[in-house]
Amino acid sequence: MEKKIIFFDTTLRDGEQSPGCSMNLKEKLEMARQLDRLGVDVIEAGFPISSPDDAQAVAAISQVVEHASIAALARCVKVDIDAAYGSLKNAKRPRMHVFLATSDIHLQYKLKMTREEAIARIDEMVRYAASLVPVIEFSAEDASRSDPAFLAQCYTTAIAAGAKVINVPDTVGYAMPDEMRDLILYLKANVKGIENVDISVHCHDDLGMAVANSLACIRAGATQVECTVSGIGERAGNASLEEIVMSLKTRKEYFGAGYGINTREIYRSSRLLSTITGVPVAPNKSIVGKNAFAHEAGIHQHGVISNPLTYEIMVAEEVGVSQRSMVLGKHSGKHALRERLESFGHIPGKEEMETIFVRFKELCDKKKNVTDADIEALAMDERHMVQTVYKLEDHVVNTGRNISNTACIKICKEDTLIEEVAIGDGPIDAAFKAIDRITGIPVTLESYSITAVTEGEDAMGEAVIKLRHEDSIYTGRGLSTDIIESSIQAYLNGLNKIVSV
């Protein structure tokens, strides 16, 4: 009988810890809903003790997710477990994920704890957690660098105390595939009660082995993999969900393992995450990069035209990548636009549809051809609009090689039109300085980028900025065929997020 692999997604916990990938509550809720549509079995929603925002996010996600179990992370410390339970208590299918480091280097230098004390702590805290939540997952942090015999003792203790899942992390991405495979086989032979629990793996990508290690563990008998969309996470990241699931799908006979993932939601999940975080997906990224199903070499093109199987081991539509070439234009109606949006997986509400339709018509007046990519970009951009306090009314920018770069910005705030002029090092700098004079919000520009999200000389440019205000980072996005306008809109989008918190 084919075994089913449980997909434990930690995009909202470990993934969010990746530099530049923080999300606010609204963004986490939207991503959680998409993960549920994707079909992940478990969503690790946060680390409640780490901040009030994380605690609130876990509680809120517990209320909106329909199918997946919701997990909260906790150290083997009572106050952590209490905080996790406080966030999980109203979840339909709660899971508590408790962890303790077991490698000698962590025990000696981080925890300052003996092996005997670690065993006692695991027993006490797993028992306590199990008295609160029906499913307890125990992780031995830095398992891949732990003494195997001691590690087996830790897992035996956790299972006896009530753990239903044991997780084997390669926390620092140190292991090789055969080492992880051998470790799983050793634990299966030496951990008492392991046949009654799920064996999970959580691999990091410091040496580029996260997916390979995860797949080696599946071959050895692991029944759960912990991963993130697009592989985001601490340092070099986590095992990439889409790479693991498409490996299982493409090499089904080799792995002999099933899953509950809806692969047609993979591309949309990656795009949504990129839109929320402002971190682009590399063009050569497996499965979801824009070049993943592209062919430029003549030999490859000829082969694909003759038979796609010559150079494509997957069908683009299987992961939700559109192969459509139909073009909508200024004479197209709202019904056709809605049908196209729904084909991308976007189900707009009535008000959102009205706004997208207006922007679509405006875009048709600017571009000769409006493609599927343009429409998808509009929809994704609209999903991340916030309450508009500051609205761009007009802008005029003067720039040149031997003249001062100036910007005149007109912004509407609560029906009041405010205009300011500023000089800057370039047109974008001048525009941002003029906006700062209008809003008076103290911010620091942490990063700025602009990318063509569609093709052609009239492509739409997506600007992404990150603003630091007090102790928080806010991501702003703007989309336009005019890169200066998209930059201004991105800056205002970030400021509107600040004032709407």
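**A barrel, a small sheet and a helix**

Colleague: Let's start with D9. Which residue of strand 3 stands opposite D9?

Modeller: This is a predicted model, so keep that in mind throughout. Strand 2 and strand 3 (residues 42-46) run parallel and share two bridges. Across from D9, in strand 3, stands I43.

Colleague: Which residues of strand 2 point the other way from I6 and F8?

Modeller: In a regular strand the side chains alternate between the two faces of the sheet. Strand 2 covers residues 6-9, and I6 and F8 point one way from it. All four residues are buried, and the ones pointing the other way are F7 and D9.

Colleague: Is F8 buried or exposed?

Modeller: F8 sits in strand 2. Leaving out neighbours within four places in sequence, its contacts include V42, A71, H97, E137 and V225. The cut-off for burial is under 20% relative accessible area. F8 has 0% relative accessibility, so it counts as buried.

Colleague: How many Å separate the C-alpha atoms of F8 and V201?

Modeller: Along the chain, F8 and V201 are 193 residues apart. In space, their C-alpha atoms are separated by 9.6 Å.

Colleague: What is the bridge partner of F8 in strand 9?

Modeller: Strand 9 takes in residues 224-227, and strand 2 pairs with it in the parallel sense over four bridges. E226 is also among the residues in contact with F8. The bridge partner of F8 in strand 9 is E226.

Colleague: What kind of pairing does the closed barrel have?

Modeller: Strands of a sheet pair through backbone hydrogen bonds, either parallel or antiparallel. Here eight strands close up in the order 2-3-4-5-6-7-8-9, and their pairing is parallel. From one strand to the next, the twist averages 25°. Strand 5 (residues 94-101) and strand 6 (residues 135-141), with seven bridges between them, also pair in the sense that is parallel.

Colleague: Which residue of strand 6 is the bridge partner of H97?

Modeller: H97 is one of the residues that F8 contacts, and E137 is on that list too. In strand 6, the bridge partner of H97 is E137.

Colleague: What angle does helix 3 make with strand 4?

Modeller: Helix 3 (residues 78-88) packs on the sheet and touches strand 4 (69-75) as well as strand 5. Its direction and that of strand 4 make an angle of about 160°.

Colleague: Now the loops. Is N196 buried or exposed?

Modeller: N196 is in the loop between helix 7 (177-190) and strand 8 (198-203). Over 50% relative accessible area is the cut-off for exposure. N196 comes out at 61%, so it counts as exposed.

Colleague: Let's move to the open sheet. Which strands stand at its edges?

Modeller: The open sheet has three strands in the order 11-12-13, paired antiparallel. Each edge strand has a single partner strand, so one side of it is left without a neighbour in the sheet; the two are strand 11 (390-398) and strand 13 (416-424).

Colleague: Which residue of strand 13 is the bridge partner of T406?

Modeller: Strand 12 (residues 405-413) pairs with strand 13 in the antiparallel sense over nine bridges. The bridge partner of T406 in strand 13 is I423.

Colleague: At what angle does helix 17 run to strand 11?

Modeller: Another helix packs on this sheet: helix 16 (residues 427-439) touches strand 11, strand 12 and strand 13. Helix 17 lies across strand 11 and strand 12, and its angle to strand 11 is about 145°.

Colleague: How many of the 18 residues of helix 17 are buried?

Modeller: Helix 17 spans residues 483-500 and reaches 25 Å from its first C-alpha to its last, close to the 26 Å expected. D482 caps the N-terminal end, with a side-chain oxygen 2.9 Å from the backbone nitrogen of I484. The helix is largely enclosed by the rest of the structure, because the number of its residues that are buried is 13.

Colleague: Last one, on the whole chain. What is its radius of gyration?

Modeller: The protein chain has 17 helices and 16 strands. For 501 residues the globule rule gives 23 Å, and the chain comes close to that, so it is as compact as a globular protein of that length; its radius of gyration is 25 Å.

How values were computed:
Residues numbered from 1 in each chain as written. Predicted model: local features only at pLDDT ≥ 70, side-chain atom pairs only at ≥ 80, totals over all residues. Heavy atoms only, no water. Expected span 1.5 Å × (residues − 1). Buried < 20%, exposed > 50% of the residue type's maximum accessible area, 1.4 Å probe, protein only. Polar contact = N/O pair within 3.5 Å; in protein donor to acceptor, adjacent residues only side chain to side chain. Pairing = 2+ DSSP bridges. Axes fitted to C-alpha atoms, helices over the stretch in contact; angles between N-to-C directions. Contact = heavy atoms within 4.5 Å. Rg over C-alpha atoms; globule rule 2.2 N^0.38 Å.
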